[in-house]
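Here's a quick look at one chain, with an eye on its charged side chains and one of its strands. Have the structure open as you read.

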Amino acid sequence: HRGSRFVKDSKPTPLPLDTFYLTGNWSQNDEGISTSDTSATLSFRAKGSGVGLVTRSLSKIIEKGKVVVQTEAGPLYDVYAGSNLMFNDEKSFLDVREGAFYKIAAGLPEETRDLTLTFPNANRVPLALYSLRFSN
């Protein structure tokens, strides 16, 4: 995002706008960031009530990449789920294979906009993240 910055540091609460907090091992190039680290996280404050992620798997295997979406209180409630968000084992997540725009959330209230993404199978299915998009 133009005007945004990536920080490898502990995240404050609440999170500021236009700052993305990274933990774990990440690579960055002109197109975006990528990880194969299962302990990697990306935390941010959504600028709007809708959140989408442009991402893709970097793996050639059939297994899909998994992006777990958490709020400060736990999984994202299904009432705020974007059309690509799935649920199981009390987790909210995206299944990622081909490069696409994945709708994470819609109708997020202001107090639920601090989000953290984790990548539990990134060691087998590395992921590239190209863009986070926000809408109202």
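## Salt bridges and a strand

Glu110 has a relative accessible area of 46%, so it counts as partly exposed; that label covers the range between buried (under 20%) and exposed (over 50%), using a 1.4 Å probe and protein chains only. Before going further, a word on the source: this is a predicted model, where local features need pLDDT of at least 70 and side-chain atom pairs count only at pLDDT 80 or more, while totals for chains, interfaces and linings use all residues. Residues are numbered from 1 along each chain as its sequence is written, and side-chain values use heavy atoms, with hydrogens and water left out.

Back to Glu110, which forms a salt bridge with Arg113; the term needs a side-chain nitrogen of Lys or Arg within 4 Å of a carboxyl oxygen of Asp or Glu. Arg113 sits at 11% relative accessibility, so this residue is buried. Both belong to a salt-bridge network that also takes in Arg45 and Asp114.

How many salt bridges does the structure hold? There are six, and here are three of them, with the N to O distance for each.

| Acid | Base | N to O distance |
|---|---|---|
| Glu63 | Arg124 | 2.7 Å |
| Asp95 | Lys66 | 3.2 Å |
| Glu110 | Arg113 | 3.2 Å |

Take the Glu63 and Arg124 salt bridge. Glu63 lies in the loop between β6 (50-57) and β7 (65-71), and Arg124 in the loop between β12 (114-118) and β13 (127-135), so the pair ties together parts 61 residues apart in sequence. Strands here are DSSP runs of E, at least two residues long, numbered from the N terminus. Glu63 is partly exposed at 30% relative accessibility, and Arg124 is partly exposed too, at 45%.

Next comes the salt bridge between Asp95 and Lys66. This one also links distant parts of the chain, with Asp95 in strand β10 (residues 91-96) and Lys66 in strand β7, 29 residues apart. Asp95 comes out partly exposed at 22% relative accessibility, and Lys66 is partly exposed at 24%.

Now for the strand. Why is β2 (residues 19-23) largely enclosed by the rest of the structure? Four of its five residues are buried, so the surroundings largely close it in. β2 runs antiparallel to strand β5 (residues 41-45), and three bridges join the two; strands pair if DSSP finds at least two bridges between them. One bridge partnership is that of Thr23 with Thr41 in β5.
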